[in-house]
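Student: I would like a close look at one part of this model, the largest pocket. Which helix gives the largest share of its lining, and what kinds of residue make up the lining?

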Amino acid sequence: MAAINVNNRIRIPLSDRMFRVSNIVLLTLLGLVCLFPFYYVLVVSFATPAEYRQGGLLLWPHEWTLVSYRYILATPSFIRAAGISLFLAVVGTAVSLVVTSTLAYGLSRKRLKGRKMMLLLILITTLFNPGIIPGYLVVKELGMINSLSSLILPVLTSGWYVLLMKGFFDSIPASLEESARIDGCNDVSVWFRIILPLSLSSLAAFGLFYAVAYWNTFFSAVLFINDAEKWPLQIFLQNLLIDSSTALGVDSLVNLDMQNIPAETKKMAAIVLSTLPILMVYPFLQKHFAKGTMVGSVKE
């Protein structure tokens with residue numbers, strides 16, 4: 001049988017093989033073009049000031065240095081902005097997951113009164129956006145202007161995420177909940193002992209979505225935050241790219257040697273440090289993406 005299989009292998013036409021090879025080459029080139037800006041940012045951030053001042057396209061530094069990173073990490077404004085973004089990512093993600101998961105679970109139970117009306121209202125929020133001015137007026141009337149709560153509460157949950165997570169909870173058999181109630185569990189016990197352990201993959205996936213959104217908070221901070229002491233990391237990066245001396249401040253200079261660091265290398269180092277935390281989280285939660293977001297969306 002082995003000989004028959006070898007002799008009867010399906011021959012791929014030459015045109016198909018040429019198409020596959022050309023497709024691979026084209027996609028590889030496009031991938032390299034897309035990755036080059038990230039590579040250039042990384043290389044420039046490690047370049048020495050003298051080598052960068054020579055000009056030209058820097059593809060590989062002759063000498064690698066961490067002087068730009070030491071400068072950025074010694075800057076109080078960067079540390080403060082990073083701490084605010086970390087606070088938003090951790091606290092905002094935790095609160096958003098609690099609100100989204102509990103709301104989705106409640107809507108997945110058919111015994112909930114007013115369930116259809118609530119689903120309709122949530123669906124409307126996914127189709128229509130009230131706009132910037134109504135959102136600003138609501139935040140202002142609630143007294144949240146220039147407060148970190150204005151960066152969390154207005155985007156506390158997403159109607160689309162609620163509907164996706166509801167589909168996940170719909171796929172959990174109702175018999176599990178009934179069995180738990182027979183054993184004496186109430187609604188809270190069912191939630192913590194039965195539902196949460198089964199929904200860890202979904203929570204991990206949506207938690208990463210929320211974390212990335214909070215970490216990249218920019219437009220909301222521009223609208224609601226007037227105090228520079230409360231600016232998140234993305235606002236700091238914007239000001240750094242516009243005017244590095246204003247964003248970093250003269251008080252951040254550690255010694256005279258660091259005063260001669262080019263502005264571009266400092267900007268690149270700040271961009272790398274701002275992107276690194278999210279890049280470190282992705283590999284650990286990537287395996288939960290497909291399972292967490294697609295379970296319950298396709299019915300058998």
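**The largest pocket**

Tutor: Helix H7 gives the largest share of the lining, five residues. The model is a predicted one, in which local features need pLDDT of at least 70 and side-chain atom pairs pLDDT 80 or more, while totals for chains, interfaces and linings use all residues. Residues are numbered from 1 along each chain as its sequence is written, and side-chain values use heavy atoms, without hydrogens and water.

In all, 28 residues line this pocket (an open set of 1 Å grid points where a 1.4 Å probe fits, with protein on both sides within 12 Å along at least five of seven lines; lining residues have an atom within 4 Å of a point). Asn129, Pro154, Val155, Ser220 and Phe224 lie nearest its centre. The elements that give two or more residues to the lining are H7 (132–141), H11 (200–215) and H12 (219–224). The pocket's volume, the space filled by probe spheres set on the points, is about 770 Å³.

By kind, the lining has 20 nonpolar residues, eight polar and no charged. Here Ala, Val, Leu, Ile, Met, Phe, Trp, Tyr, Cys and Pro are nonpolar, Asp, Glu, Lys and Arg charged, and the others, Gly among them, polar. Of the residues nearest the centre, Pro154, Val155 and Phe224 are therefore nonpolar, and Asn129 and Ser220 polar.

Around the pocket is a protein with 16 helices (DSSP runs of H or I, at least four residues) and zero strands (E, at least two). Of its 300 residues, 35% are buried (under 20% relative accessible area, 1.4 Å probe, protein chains only).

Key: Buried < 20%, exposed > 50% of the residue type's maximum accessible area, 1.4 Å probe, protein only.
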